[in-house]
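Here are my notes on the model you asked me to look over. They are set out as numbered points, to be read beside the sequence and the structure.

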Amino acid sequence: MLAVASHASSRPVQGELSEPHAISALAALAQPTRLAIFRLLIKHEPVGITAGVIADTIGAPHNTLSSHLAILVRAGLLRSAREGRTIIYRSNVEGMRALIGFLVSECCDGHPELCNLVAEDANAYCAPAASKRRQNTATATGKRKR
């Protein structure tokens with residue numbers, strides 16, 4: 001499975017997902033630990049969490065977690081960002097949207113909007129929850145947005 005996951009670039013070509021990239025992303029999610037990692041990070045979007053928290057939450061050994069994270073990053077499903085001495089992992093929502101779009105693009109004879117499988121404004125579904133999580137995180141850390 002590693003060979004499949006490593007042959008595609010981490011970004012779709014010209015905004016559309018190629019078949020090899022879709023296969024890479026699906027192969028990355030077809031492993032129980034990686035699926036658990038992705039689902040955990042989706043729950044913590046847009047804040048993200050550290051590798052240590054991921055390992056502790058899903059019960060993954062620290063020595064194999066980095067390879068799982070690398071496969072998900074190469075597949076375009078996760079992002080990482082260094083914040084000081086810490087690396088924060090986040091789901092790549094755009095990567096998942098591209099994968100879902102690829103899967104349903106031929107629905108209803110090439111008109112997926114007729115099937116209502118892809119929201120025209122996906123942010124309408126995610127934005128309120130993400131905003132609420134940011135407020136909860138700020139409150140929990142003692143910081144308030146002004």
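Among contacts in the protein chain between residues at least 6 apart in sequence, what percentage join residues at least 24 apart?

1. The answer is 56%, counted among contacts between residues at least 6 apart in sequence. Please keep in mind throughout that this is a predicted model.

2. As to the fold, the protein chain has nine helices and three strands, and from the N terminus on the elements run α-α-α-β-α-α-β-β-α-α-α-α. Of the 146 residues in the protein chain, 31% are buried, while the chain exposes about 9,400 Å², of which carbon and sulfur atoms supply 55%.

3. On the interior, the largest nonpolar core has 24 residues, and those with the most contacts inside it are Ile-37, Ile-54 and Leu-77. The elements that give two or more residues to this core are helix 2, helix 3 (32-43), helix 4 (51-58), helix 5 (62-74) and helix 6 (93-104). As general background, nonpolar side chains tend to be buried together in soluble globular proteins.

4. Leu-77 deserves a separate look: once its neighbours within four places in sequence are left aside, Leu-77 is in contact with a list of residues that includes Ala-25, Ala-28, Leu-29 and Phe-38. Also among the contacts of Leu-77 are Leu-72, Arg-90, Ser-91, Asn-92, Gly-95 and Met-96.

5. On the surface, Leu-26, Phe-102 and Leu-103 make a nonpolar patch of about 260 Å². Leu-26 belongs to helix 2, which covers residues 19-29. Why is Leu-26 classed as partly exposed? The reason is that its relative accessible area is 40%, and the class of partly exposed residues lies between the limits of 20% and 50%.

6. Ser-80 is found in strand 2, residues 78-83, and is likewise classed as partly exposed because its relative accessible area is 45%. With neighbours within four places in sequence left aside, Ser-80 is in contact with Ile-87, Ile-88 and Tyr-89. Ala-51 lies 29 residues from Ser-80 along the chain, and the C-alpha atoms of these two residues are separated by 10.0 Å.

7. Finally, a point of backbone geometry that you may wish to inspect in the model: the peptide bond from Glu-45 to Pro-46 is cis, with omega near 5 degrees. Pro-46 is placed in the loop between helix 3 and strand 1 (49-50).

How values were computed:
Residues are numbered from 1 along each chain as its sequence is written. This is a predicted model: local features need pLDDT of at least 70, side-chain atom pairs count only at pLDDT 80 or more; totals for chains, interfaces and linings use all residues. Side-chain values use heavy atoms; hydrogens and water are left out. Helices (H or I, at least four residues) and strands (E, at least two) are DSSP runs, numbered from the N terminus. Buried means under 20% relative accessible area, exposed over 50%, partly exposed in between (1.4 Å probe, protein chains only). Contact means heavy atoms within 4.5 Å. Accessible areas come from the Shrake-Rupley method with a 1.4 Å probe; for residues, only the protein chains shown count as cover. Patches are made of residues with over 30% relative accessible area and no salt bridge: like charges are joined within 9 Å, nonpolar side chains (Val, Leu, Ile, Met, Phe, Trp, Tyr) within 5 Å. A salt bridge is a side-chain nitrogen of Lys or Arg within 4 Å of a carboxyl oxygen of Asp or Glu. A nonpolar core is a set of buried Ala, Val, Leu, Ile, Met, Phe, Trp, Tyr and Cys residues joined through side-chain atoms within 4.5 Å.
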